[in-house]
Amino acid sequence: GFLLGLFFFSVVMLIISLDQDFNKFTGEENISIVCSNKSIFDASKCAVEITKKFYKYNISNIGKDLDLERLKKEGGVCSSWSDYYKEIGLELGFYSNNVIFNNNCSKLHEINIWSDEDGYCLMDQDIIYCVPLENNKK
């Protein structure tokens, strides 16, 4: 009985450990690996889909410089998520720029845009919008 209980406990602990290791693959450094060697459209969709697993909006973190672990744990605002996507886009080899604009008289909003010769993709927190550039296919 004791050895059987010890065996099942060991199996459960192994499963928990493997699950924790799997969750590490949703980090920024791993998004760069998982989403690499894809078109801009597939890579951006891949990055946003992984990000949705831990995305949180947290207004109390406005103006704070958050590292990846803190962003994942606490969440951030539009500028936090734009900076996050900017780094990933650059690591994947795309042009990657943040854009700030007014969305009403008193509020600013920030998004990130990846681009290459095939088109561009706009990342807005956990939303993505891509546009192919047909003119380049002459």
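Here is a working chat about the fold, the core and one loop of a predicted protein model.

Trainee: Hi! Before we start, what kind of model is this?

Mentor: Good place to begin: it is a predicted model.

Trainee: Okay. How many helices and strands does the protein chain have?

Mentor: There are 5 helices and 4 strands in the protein chain. Along the sequence the pattern runs α-α-α-α-α-β-β-β-β.

Trainee: And what share of the residues is buried?

Mentor: Of the 138 residues in the protein chain, 36% are buried. As for the outside, the chain exposes about 9,000 Å², and 59% of that comes from carbon and sulfur atoms.

Trainee: Let's go inside, then. Which residues have the most contacts inside the largest nonpolar core?

Mentor: Those are Ile31, Cys35, Tyr84, Ile88, Leu92 and Trp114, in a core of 22 residues. At least two core residues come from each of helix 3 (40–51), helix 4 (68–74), helix 5 (78–91) and strand 3 (119–124).

Trainee: Which helix gives the most to this core?

Mentor: Helix 3 does, with 6 residues. In soluble globular proteins, nonpolar side chains tend to be buried together.

Trainee: Can we zoom in on Leu92? What does Leu92 touch, leaving out residues up to four places away in sequence?

Mentor: Leu92 touches Ser32, Cys35, Ser36, Ala43 and Trp114. Cys35 and Trp114 also appear among the core residues with the most contacts.

Trainee: Nice. Changing topic: where is Asn58?

Mentor: Asn58 sits in the loop between helix 3 and helix 4.

Trainee: So is Asn58 buried or exposed?

Mentor: Asn58 counts as buried because its relative accessible area is 18%, under the 20% cut-off.

Trainee: What does the side chain of Asn58 reach?

Mentor: Its side chain reaches the backbone oxygen of Glu74 at 2.8 Å. Not counting residues up to four places away in sequence, Asn58 touches Glu74, Gly75, Gly76 and Val77.

Trainee: And Ile59, where does that one lie?

Mentor: Ile59 lies in the loop between helix 3 and helix 4. Ile59 counts as exposed because its relative accessibility is 53%, and the cut-off for exposed is over 50%.

Trainee: Which residues form a nonpolar patch on the surface with Ile59?

Mentor: Tyr57 and Ile62 join Ile59 in that patch, and together the three have about 340 Å² of accessible area.

Trainee: Last one: what share of the contacts with a separation of 6 or more is between residues 24 or more positions apart?

Mentor: In the protein chain, that share is 43%.

Terms used: Residues are numbered from 1 along each chain as its sequence is written. This is a predicted model: local features need pLDDT of at least 70, side-chain atom pairs count only at pLDDT 80 or more; totals for chains, interfaces and linings use all residues. Side-chain values use heavy atoms; hydrogens and water are left out. Buried means under 20% relative accessible area, exposed over 50%, partly exposed in between (1.4 Å probe, protein chains only). Contact means heavy atoms within 4.5 Å. Accessible areas come from the Shrake-Rupley method with a 1.4 Å probe; for residues, only the protein chains shown count as cover. A nonpolar core is a set of buried Ala, Val, Leu, Ile, Met, Phe, Trp, Tyr and Cys residues joined through side-chain atoms within 4.5 Å. A polar contact is a pair of N or O atoms within 3.5 Å; within protein, one must be able to donate a hydrogen and the other to accept it, and residues adjacent in sequence count only if both atoms are side-chain atoms. Patches are made of residues with over 30% relative accessible area and no salt bridge: like charges are joined within 9 Å, nonpolar side chains (Val, Leu, Ile, Met, Phe, Trp, Tyr) within 5 Å. A salt bridge is a side-chain nitrogen of Lys or Arg within 4 Å of a carboxyl oxygen of Asp or Glu.
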